Amino acid sequence: MAMTLRCDRAPAWAQLQSAFETAGRQFDLRHAFVDDAGRFERFSQEAPFVFADLSKGLIDARTEELLLKLARECGLEAHRDAMFAGEHINNTEDRAVLHTLLRAPADAPTGPKTASELREVHATLDAMLAYAEKVRADHTITDVVNIGIGGSDLGPQMAVLALAEFAAPGKRFHFVSNVDGHELAGVLQGLAPEHTLFLIASKTFTTAETMTNAQSAKRWYEQSGGTDIAGHFAALTTNVEAAKKFGIDTTFGFWDWVGGRYSLWSAIGLPIALAIGADGFRRLLAGAHAMDEHFRTAPLERNLPARLGLLDVWYRNFHRFTSRSIAPYHSALKRVPAYLQQLEMESNGKQVDASGKPLAFGTSPVLWGEPGTNGQHAYFQMLHQGTDVTPLEFVAVRDASHDLEGHHPKLLANALAQAQALMVGKLDEGGHKNFPGNRPSTFFVFEKLTPEALGAFLAMYEHRVFTSGALWGINSFDQWGVELGKVLAKDIEPRLASGDITGLDASTAGLLKRLSR
Ligand code: F6P
């Protein structure tokens, strides 16, 4: 397996440290634009379906040069190529990382480790899309309930909302993720079994929340008079055996080399295909594939995901920013921040490198956000005048998909104005009315919110997270940090009924007493 050199051991790391001390710390965006008439061109670029302006970032040409040097010294390109070739870069689980194969065309060139996988991908994709078309044509099914959590929920939920404009009318989509029965009970309330299709989405088919919800949904279906489980339940999983044992015969599989948070391109994407159809789903995959090809082949200097990932390293490890905010200026992109939270924080929220050695530098930032302009009236105050600097990302769409007069120019003007205000600031009034400015932002533009644009944007984000993770030398594809809580919950659950507090710490014991009857 191609290993990366951890960034703090690469010669460029020390050079970046001194560049930060001598120029980076005092860098001023306003001066940078005055000094360099070509700054916008230098730090903005076209990539498939996405235009990105990085020129309002706290970065100059020398810093970017050093970051690119760092990337090369760390072996970013070799690590990227190893991922595409199907090497087991998820070393702690001894797995390949091949979500990119899910969006590769059937005739894409493959290597020895991916040829049979690509055939399986297309056989499953064709079967799943044929099923989606069949269900779309079946007007007795009016409600689709996706039961899944994490990667088996966030992607489909986000994309079905984002691409609502492309959805055929006549079907409602519901997403149940939480083990909190209020959620499932609320959804079931309005449903009739003969009109409902349940999708049980779980890579492992063992996740406690999903299994609990699936059992309850099945019970509800049978108790409400439903008799056709095969027609009203389908499972999306790598564990087809477990799904069959559960009583579901309609299954669409995927593979252990698809991480949960990278799985919306697989059978987990069935709700998206049900909403926007086989053609729409293929367009989503095509957009992502175009970005994959860009990441795989563009020189790092003009490689958008790589440039973004390098900027993330610069912000996190030199400026020491601890969080990043994202503001999609399109209400259909409302769930994008939640989706990206899992993608970035579950991938890169690690404290040891791939060989298990502790890291002496920060990794994943906290990622958070709400759609604009809503955020402007909530937390943007802090972004403009707070004591911490938080890089902000704007996502704007040039063409609206509605014809309500005046709204879209107002929306776009707000996005541009916020980015401008963060950068230029305002110092003439003093005290409370001062805006320090020099606050960084990145601005993404799509021409229209299409399946291709969404696919490309999400793939761009995946590769950006790959880039920072590779430089940090971590395994971005495991998630051991979710295990301990799962084990402890299993221990605590029976104690809520028995009241047994033996061996518990005083706080957990005290709270358990409060919560048990
Ligand atoms: O607990 C975390 C996690 O394993 C995520 O990585 C995953 O997306 C989610 O749970 C759901 O897992 P599954 O699809 O196996 O039910």
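## A walk from the ligand outwards

A good place to begin is the ligand, where a backbone N or O atom of Gly 151 lies 2.7 Å from one of the ligand's oxygen atoms. Keep in mind as you look around that this is a predicted model. Lys 203 makes a similar approach through its main chain: a backbone N or O atom of Lys 203 is placed 2.7 Å from a ligand oxygen. Gln 342 uses its side chain instead, with a polar atom 3.2 Å from an oxygen atom of the ligand. Taken alone, the ligand would expose 390 Å², and the protein buries 88% of that area.

Now let us widen the view to the whole shell. The ligand is surrounded by 14 residues, and the closest are Ser 152, Ser 202, Lys 203, Thr 204 and Thr 207. Sorted by class, this shell holds 9 polar residues, 3 charged ones and 2 nonpolar ones. As for where the ligand sits, it occupies the largest pocket.

From here, it helps to follow the chain to Phe 205. This residue belongs to the loop that runs between strand β5 (196-201) and helix α9 (208-223). Its backbone is worth a look in your viewer: phi of Phe 205 is near 55°, a positive value in a residue other than glycine.

A second backbone feature waits further along the sequence. Gly 372 and Thr 373 are joined by a cis peptide bond, with omega at about 10°. To find the spot, look in the loop between β9 (366-368) and α15 (380-385), where Thr 373 is located.

Finally, step back and take in the fold as a whole. The protein chain has 19 helices and 11 strands in its secondary structure. Its radius of gyration is 24 Å, close to the 24 Å that the globule rule gives for 517 residues, so the chain is as compact as a globular protein of that length. If you turn the model along its principal axes, the C-alpha trace of the protein chain spans about 75 × 60 × 55 Å. With that frame in view, you can return to the ligand in the largest pocket and pick out Gly 151 again, with its backbone N or O atom 2.7 Å from a ligand oxygen.

Methods. Residues are numbered from 1 along each chain as its sequence is written. This is a predicted model: local features need pLDDT of at least 70, side-chain atom pairs count only at pLDDT 80 or more; totals for chains, interfaces and linings use all residues. Side-chain values use heavy atoms; hydrogens and water are left out. A residue is near a molecule or strand if one of its heavy atoms lies within 4 Å of it. A polar contact is a pair of N or O atoms within 3.5 Å; within protein, one must be able to donate a hydrogen and the other to accept it, and residues adjacent in sequence count only if both atoms are side-chain atoms. Accessible areas come from the Shrake-Rupley method with a 1.4 Å probe; for residues, only the protein chains shown count as cover. On a 1 Å grid over the protein atoms alone, a cavity is a set of points where a 1.4 Å probe fits but cannot get out, and a pocket is an open set with protein on both sides within 12 Å along at least five of seven lines; lining residues have an atom within 4 Å of a point. A molecule sits in a cavity or pocket if more than half of its atoms lie within 2 Å of its grid points. Ala, Val, Leu, Ile, Met, Phe, Trp, Tyr, Cys and Pro count as nonpolar, Asp, Glu, Lys and Arg as charged, and the others, Gly among them, as polar. Helices (H or I, at least four residues) and strands (E, at least two) are DSSP runs, numbered from the N terminus. The radius of gyration is taken over C-alpha atoms; the globule rule is 2.2 Å times the number of residues to the power 0.38.
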